[in-house]
Amino acid sequence: MNPHVRAITREEHLAFVASRPAVSHMQVPSWGDVKPDWRAESIGWFEPDSTGREQLTGAALVLHRPIPRTRRTLAYLPEGPVIDWNDPDPGRWLGPMLAHLKSGGAFAVRMGPPVIARYWDAETVKEAVADPAARRLRDVRADADDPRAAALVDRLRGMGWQRGEEDGEDGFAAGQPRYVFQVPLAGRSLEEVRTGLNQQWRRNIKKAEKAGVKVDEGGYEDLPVFYELYRETAERDRFVPRPLGYFQRMWTALRAEDPDRMRLYLAQHEGETLAAATMLTVGDHVWYSYGASTARKREVQPGNAIQWRMMSDAHERGAAVYDLRGITDTLAEDNHLLGLLRFKVGTGGRAAEYVGEWDYPINKLLHRAFTLYMARR
């Protein structure tokens, strides 16, 4: 028997999230409050237990993006839904979801299954970066892969789901990153984590300590300081910055749901803030979310200092993984994001490839038109 899907309350959704080891920070109810241009909906999958009583067995945050002058929407589940992705028949979960979203006016559904397909150890990535013949990480032999992920991809295609846009020239997809870098913390002492850092990282952390760099937590009132560094970073690294209001909204919404959901860290030297970063937590998964720094005083290594403080705090609170989020899949030496990849590889963690984002066109004509519209933007 297939589960049935219906809208659930924020309280039901949060209770389900609390029952899981971790879910994406984009799959908690408060994430909908961060995205005011989207209409948020929490949905749940219900099945009878052994006594016949209805129980919640899956949940998702759905963000609805309306088409102007129509009642139709794109239904987006970033890094979701949170269902049993090991079920050999994903259709029994996705079929009821599609029916529910179609009844609510969705012309297409986009989701990002939180399923990792492959891992590459830091040393493997380091060797690939140094190999002139290696052009993309996806072409490098992985250190571990999950055959269940390959089976899931085949089943999704068989059900009519379409893989989203392939990664662009810099290795990042249009939605959430398909390739990320993670540092496993579970079962390791903090000293073991530190030993796992490469020599340059350990040296830079010592430099920062010797130079007197101090890393402290900040509050809402420190977000403008973070933002000035973030704008400088955006100009230097060639990306379009989000407005200050976005981060203020994040802080207010996420921390109202859970005071530990979002943290802000500031690295200071002789009274000057040189780097800042935000950290998000859901269950035992911790994410380095946004980072910012100035080009001044780089020799005192504030970037390594702030990351080590965040990793240490994540370890102290019992996190299983410290997630540095997206990395480039392109290994070409002239890629402007290669330096960021090298920085993350220095943590001694591992690169991970998710199965990617998938679209289901309920109305193929509208889906095609919307895709063309977004491509022009």
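Here is a friendly exchange about a predicted model and some of its aromatic contacts.

Colleague: Why is the pair of phenylalanine 226 and phenylalanine 247 called edge-to-face?

Modeller: The ring centres are 5.1 Å apart and the planes meet at 75 degrees. Rings pair within 6.5 Å, and planes over 60 degrees apart count as edge-to-face, so both conditions hold.

Colleague: What makes this pair tie together separate parts of the chain?

Modeller: Phenylalanine 226 belongs to helix H8 (residues 223–237) and phenylalanine 247 to helix H9 (residues 244–257), so the parts joined are 21 residues apart in sequence. Both phenylalanine 226 and phenylalanine 247 are buried.

Colleague: And why is the pair of tyrosine 246 and tyrosine 290 edge-to-face?

Modeller: Their ring centres lie 6.4 Å apart, within the 6.5 Å limit, and their planes are at 75 degrees, over 60, so the name applies. Tyrosine 246 is in helix H9 and tyrosine 290 in strand E13 (residues 285–293), so this pair links parts 44 residues apart in sequence.

Colleague: How do you know whether tyrosine 246 and tyrosine 290 are buried or exposed?

Modeller: Buried means under 20% relative accessible area. Tyrosine 246 has 4%, so it counts as buried, and tyrosine 290, at 19%, is buried too.

Colleague: What sits over the ring of tyrosine 246?

Modeller: The charged end of arginine 242 does, 4.2 Å from the ring centre, where the distance limit is 6 Å.

Colleague: Why is lysine 126 called exposed?

Modeller: Its relative accessibility is 53%, and exposed means over 50%, so lysine 126 qualifies. Lysine 126 is part of helix H4 (residues 122–130).

Conventions
Residues numbered from 1 in each chain as written. Predicted model: local features only at pLDDT ≥ 70, side-chain atom pairs only at ≥ 80, totals over all residues. Heavy atoms only, no water. Helix = DSSP H or I, 4+ residues; strand = E, 2+ residues; numbered from the N terminus. Buried < 20%, exposed > 50% of the residue type's maximum accessible area, 1.4 Å probe, protein only. Phe/Tyr/Trp six-rings, centres within 6.5 Å; stacked < 30°, edge-to-face > 60°. Lys NZ or Arg CZ within 6 Å of the ring centre and 35° of its normal.
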